[in-house]
Amino acid sequence: MEDQNFINFKKTRDLGAMISDTIKFLSVEWKPFLGTILKISIIPIIIAICAVIYFAMISTDFILDLSQFNEDSIFDELNSSQILVPLLIYILSYIVAYSLMTVSSLAYIKSYIANKGFVNFDEVQKTTKDKFWSYIGLFILVAIIVGFGMLFCILPGIYFAVVLSLSICLVIFKNKGALDSISDSFGFIKGHWWETFGILLVIQILIGLIGFFAGLPASIYQGADMTTILQGQDPTEMLNSFQDPIYLVLMGFSYLINFILYLVSVIVIVFVYYDIKEQKNPTSEMINEIGVY
């Protein structure tokens, strides 16, 4: 049995079709899709958002301490752990949150494809559990490779980032390990680098624009707050505006929107993966659709 609204991922698409099918997929599946992701990832997401708010508050305190220090006593009075520990918590919580969201969203799509539009939550949960640490290993290796490429020149870093953007699909859909996924990504994307780069660039620009508008309320509120503070001519009060409860709530909301927007890029990456896969080797499902056996 197949859901009549089922979207076949296993077909070739141009950029326009990928965008329209992403919108169609989300319009039909947004409730179970987002519900499943949040059911698995909501606690790490909340921790990550709280961590960034806490880091913003601690950073403000640290800068205020720096502004009041005396050269002879700076190293005695300032404790580096005051800023380093919250920074570490912030980074680790974001890695865990994004990792769970990435793996669970791909696991959802895998179940969606396998069951022709019907998703088995137990399958999604099991795949997420089985592949979580593989993704963490993949994330670390990709970060090292892309970072290494960026050190020498920006272009190698961009090249590696595009190639390895599809490696997670190999982990989930082909059940490969982190190292095999990285090595196979280079052969998989061969001949399709530029189209992949173009699609990902356009999608990231669109997501960035939406994310910018989502962050506007916090920016506008902070701008108005700073204007009021500057009239009092007290520079330290300007830093205190970063600890304003209303600003922090608005900032947390914008980060939550960015988490949700990230799922759009994951869906598009899956469309790119199957687009390349179908160009290289059409599946039997596609052949059956046109009546050829």
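Reader: In which helix is Lys131 found?
Author: The model is predicted. Residues 121-152 form one helix, and Lys131 is found there. That helix is α4.

Reader: Which side chain of opposite charge is nearest to Lys131, and how far away is it?
Author: Lys131 is buried and has no salt bridge. A salt bridge needs a side-chain nitrogen of Lys or Arg within 4 Å of a carboxyl oxygen of Asp or Glu. The nearest side chain of opposite charge is Asp130, at 7.3 Å.

Reader: Which residues is Lys131 in contact with, leaving aside its neighbours within four places in sequence?
Author: Set those neighbours aside. The contacts of Lys131 are then Val103, Val171, Ile172, Asn175 and Lys176.

Reader: How many salt bridges does the count come to?
Author: Side chains of opposite charge can pair when their charged atoms come close. One such pair is Arg13 with Asp21. Another is Asp184 with Lys176. By the 4 Å rule, the count comes to three.

Reader: Are Arg13 and Asp21 buried or exposed?
Author: Their side chains meet in a salt bridge, 2.5 Å from N to O. Buried means under 20% relative accessible area. Arg13 and Asp21 are both buried.

Reader: What separates Asp130 and Lys126 along helix α4?
Author: Asp130 forms a salt bridge with Lys126, with the closest N and O atoms 2.8 Å apart. Asp130 is partly exposed at 46% relative accessible area, while Lys126 counts as exposed at 53%. The two are four residues apart in α4, so the separation is about one helical turn.

Reader: What is the relative accessible area of Lys176?
Author: Lys176 is in contact with Lys131. The side chain of Lys176 also meets that of Asp184 in a salt bridge, 3.0 Å from N to O. Asp184 is partly exposed, at 31%. Lys176 is partly exposed too, with a relative accessible area of 27%.

Reader: Are α4 and α5 roughly parallel or antiparallel?
Author: Helix α5 covers residues 154-164. The axes of α4 and α5 come within 6 Å and cross at roughly 155°. Angles over 145 degrees count as roughly antiparallel. Therefore α4 and α5 are roughly antiparallel.

Reader: How many nonpolar, polar and charged residues are in the contact of α4 with α5?
Author: From α4 come Val142, Ile145, Val146, Gly149 and Met150. From α5 come Ile154, Pro156, Gly157, Ile158, Phe160, Ala161 and Leu164. Gly counts as polar here. By class, the contact has ten nonpolar, two polar and no charged residues.

Technical notes: Residues are numbered from 1 along each chain as its sequence is written. This is a predicted model: local features need pLDDT of at least 70, side-chain atom pairs count only at pLDDT 80 or more; totals for chains, interfaces and linings use all residues. Side-chain values use heavy atoms; hydrogens and water are left out. Buried means under 20% relative accessible area, exposed over 50%, partly exposed in between (1.4 Å probe, protein chains only). Lys and Arg count as positive and Asp and Glu as negative; His and the chain ends are not counted. Contact means heavy atoms within 4.5 Å. Axes are lines fitted to C-alpha atoms, for helices over the stretch in contact, and angles run from 0 to 180 degrees between N-to-C directions. Angles under 35 degrees count as roughly parallel, over 145 as roughly antiparallel, 65 to 115 as roughly perpendicular and the rest as oblique.
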